[in-house]
Amino acid sequence: MVKNYSKKIIGISSGKGGVGKTTFSINLSSALYKLGVPNVIVDGDISNANLSVQLGFKHNIPTIQDLMEENLNPRYAIRIHSTGLRILPAAISLDRGDVDLKRIKKYLIPLQETLIIDFPPGVAKNTVDLMRACDELIILTTPEVASLTDSLKTLDLARKYKKPIKGIVVNRAVKDKYELSIDELQIMCETKLLGVIPEDKNVRRANFECMPYVFRYPNSRAAIETMRIASGLLSKPYCEPKLNFLKSFFN
Ligand SMILES: Nc1ncnc2c1ncn2[C@@H]1O[C@H](COP(=O)(O)OP(=O)(O)O)[C@@H](O)[C@H]1O
Ligand SMILES: [Mg+2]
């Protein structure tokens, strides 16, 4: 266990869909776990749930919807991945997306540990309800103008509800001339930059294998940046694995 780290509910939000929230939630959870912080990932994207699918779980009940409808203890719904990660899945069927998330915090509190909530995209009601349940937020964006513009709305919403924003994470950075520079991104967001995760084929490879890249490809650039972000959240310095530069060629 990490000293002086208090349990928190951390929301992973974004303006746009497809920017990597679910992938980042899984891998931030993995990185925190590796650093000694037990945690549970909660699928908050109840209308388009795919956290459990992305980790290869076939048996998908009970879910968050069942917890809330039947007043169950959340521990009954936790699934454990082969890596040790723990998740609270949402139902994947079309007709279960209309649960009111207003009271979700009440159902999560019995877990008594750090929770990472994978948000739906955008600023609709479910996002607001989840934001209210969180202690702090991380906003994910890609370095493109459209993604950033939508993330600015999410940032505004968080400020409106006085939710502490831990910072932004830029994902899928290629660093070519079609992207905003890191300086531009930071100036426009007016918030701390927690890290920049590059576009990395190991991310899609690991997702295909239903594995977190932080476990499956620990020497990949994406894994190293995610470990660095998680260490930063714990106020710990991060030491990159030795000879990593060479190893990354073989990943
Ligand atoms: N850093 C990255 N490098 C390459 N592909 C990525 C990266 N991050 C996410 N992806 C890919 O982007 C797609 C969308 O990711 P996902 O986590 O489902 O986004 P969201 O939850 O925001 O909709 C997936 O195919 C995933 O493998
Ligand atoms: Mg998602």
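**Figure 1. The end of helix α10 and the turn that follows.** Just past α10, S235 adopts a positive phi of about 55°. This is a predicted model, so please read every angle and distance in these legends as computed from it. Helix α10 covers residues 221–233. Its 13 residues span 19 Å between the first C-alpha and the last, close to the 18 Å expected at 1.5 Å a residue. Most of the helix is covered, with 10 of its 13 residues buried. You can pick out the buried ones as R221, A222, A223, I224, E225, T226, M227, I229, A230 and L233. An α-helix has 3.6 residues a turn, so residues three or four places apart point the same way.

**Figure 2. The largest nonpolar core, with V169 in the middle of the view.** This core holds 66 residues, and I117 and V169 have the most contacts inside it. Helix α10 gives the core its largest share, 7 residues. If you follow the contacts of V169, leaving out residues up to four places away in sequence, you meet F24, I138, L140, L194, G195, I197 and I229. One of these partners, I229, is among the buried residues of α10.

**Figure 3. F24 on helix α1.** F24 is a residue of helix α1. Is F24 buried or exposed? It counts as buried because it has 24 C-beta neighbours inside 10 Å, and 20 or more is the cut-off for that label. Beyond its neighbours within four places in sequence, F24 is in contact with I12, L140, V169 and N171. Two of the residues named here turn up in other views: V169 is one of the residues with the most contacts inside the largest nonpolar core, and I12 stands opposite D118 in β5. For a sense of scale, F24 and E179 are 155 residues apart in sequence, and their C-alpha atoms are 20 Å apart in space.

**Figure 4. Strand β5 and its two parallel partners.** All 5 of the 5 residues in β5 (residues 114–118) are buried, so the strand is largely enclosed by the rest of the structure. Its side chains take two directions: T114, I116 and D118 point one way, while L115 and I117 point the other way. I117 also appears in the core view, as one of the residues with the most contacts there. Which strands pair with β5? Strand β1 (residues 9–14) pairs with β5 in the parallel sense over 4 bridges, and strand β2 (residues 39–43) runs parallel to β5, joined to it by 5 bridges. To find your place along the strands, look for I12 opposite D118, I41 opposite I116 and N39 opposite T114.

**Figure 5. Strand β2, between β5 and β4 in its pairing.** Like the previous strand, β2 is mostly covered, with 5 of its 5 residues buried. N39, I41 and D43 point one way from β2, and V40 and V42 point the other way. Besides its bridges to β5, β2 pairs with strand β4 (residues 86–88) in the parallel sense over 3 bridges. I41 is a handy landmark here: it stands opposite I116 in β5, and its bridge partner in β4 is I87.

**Figure 6. The surroundings of ligand 1.** Of the 17 residues around ligand 1, those that come nearest are G20, K21, T22, T23 and V203. Which elements each supply at least two residues of this shell? They are α1 (21–34), β7 (165–173) and α8 (201–208). By character, the shell divides into 4 nonpolar, 8 polar and 5 charged residues. Helix α1 is also the helix that holds F24.

**Figure 7. Two loop residues with positive phi.** Q112 is not a glycine, yet its phi is positive, at about 55°. You will find Q112 in the loop between α4 (104–108) and β5. Q112 counts as exposed because it has 10 C-beta neighbours inside 10 Å. K175 is not a glycine either, and its phi is positive at about 65°. This lysine lies in the loop between β7 and α7 (182–189). K175 is exposed, with 11 other C-beta atoms within 10 Å.

Notes. Residues numbered from 1 in each chain as written. Chains lettered and ligands numbered in written order. Predicted model: local features only at pLDDT ≥ 70, side-chain atom pairs only at ≥ 80, totals over all residues. Near = placed C-beta within 6 Å. Nonpolar A, V, L, I, M, F, W, Y, C, P; charged D, E, K, R; others polar. Buried ≥ 20, exposed ≤ 12 C-beta atoms within 10 Å, placed from the backbone. Pairing = 2+ DSSP bridges. Core = buried A, V, L, I, M, F, W, Y, C linked by C-beta atoms within 7 Å. Contact = placed C-beta atoms within 7 Å. Expected span 1.5 Å × (residues − 1).
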